[in-house]
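Q: I would like to learn how to read the packing features of a model, beginning with its aromatic rings. Could we take them one at a time?

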Amino acid sequence: MGRRKGIMSEGLKEELAKELGFYDVVQKEGWGGIRARDAGDMVKRAIEIAEQSLLTQNKE
């Protein structure tokens, strides 16, 4: 099986990595160099942002 294409844009992933403090690892080693915990934190934060966006849209 081939690798699936990611759902998050590269820009969003970079923004989240900077916010969470491991962007330096991404720059040095690529996305494969981050810890599983960091990847999980990144997904959790992306979900929080999406939920906030939905709440804002529903209020309008």
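Q: How many aromatic pairs does a search of the whole structure find?

A: A pair of aromatic rings is described by the distance of the centres and the angle of the planes. Rings of Phe, Tyr and Trp (its six-membered ring) pair if their centres lie within 6.5 Å, and planes under 30 degrees apart count as stacked, over 60 as edge-to-face and the rest as tilted; here the search of the whole structure finds zero such pairs. This is a predicted model, in which local features need pLDDT of at least 70 and side-chain atom pairs count only at pLDDT 80 or more, while totals for chains, interfaces and linings use all residues. Residues are numbered from 1 along each chain as its sequence is written, and side-chain values use heavy atoms, with hydrogens and water left out.

Q: Which residue has the charged end of Lys18 over its ring?

A: A charge sits over a ring if NZ of Lys or CZ of Arg is within 6 Å of the ring centre and within 35 degrees of the ring normal. The charged end of Lys18 is placed in this way over Tyr23, 4.9 Å from the centre of its ring, and Lys13 lies over the face of Trp31, at 5.0 Å from the ring centre.

Q: Which residues of α1 are buried, and where do they lie around the axis?

A: Buried means under 20% relative accessible area, exposed over 50% and partly exposed in between (1.4 Å probe, protein chains only), and helices (H or I, at least four residues) are DSSP runs numbered from the N terminus. In α1 the buried residues are Lys13, Leu16 and Ala17. They cover an arc, taken from the directions from the helix axis to the C-beta atoms, of only 100°, so they lie on the same side of α1. Their cover includes α2 and α3.

Q: What makes up the largest nonpolar core?

A: A nonpolar core is a set of buried Ala, Val, Leu, Ile, Met, Phe, Trp, Tyr and Cys residues joined through side-chain atoms within 4.5 Å. The largest one has eight residues, namely Leu16, Ala17, Phe22, Tyr23, Val26, Ile34, Met42 and Ala46, and α1 (10–20), α2 (23–29) and α3 (36–59) each supply at least two of them.

Q: Is Val43 of α3 buried, exposed or partly exposed?

A: Val43, found in helix α3, is partly exposed because its relative accessible area is 40%. The buried residues of α3 are instead Asp38, Met42 and Ala46, and they pack against α1, with contact meaning heavy atoms within 4.5 Å.

Note on methods: Helices (H or I, at least four residues) and strands (E, at least two) are DSSP runs, numbered from the N terminus.
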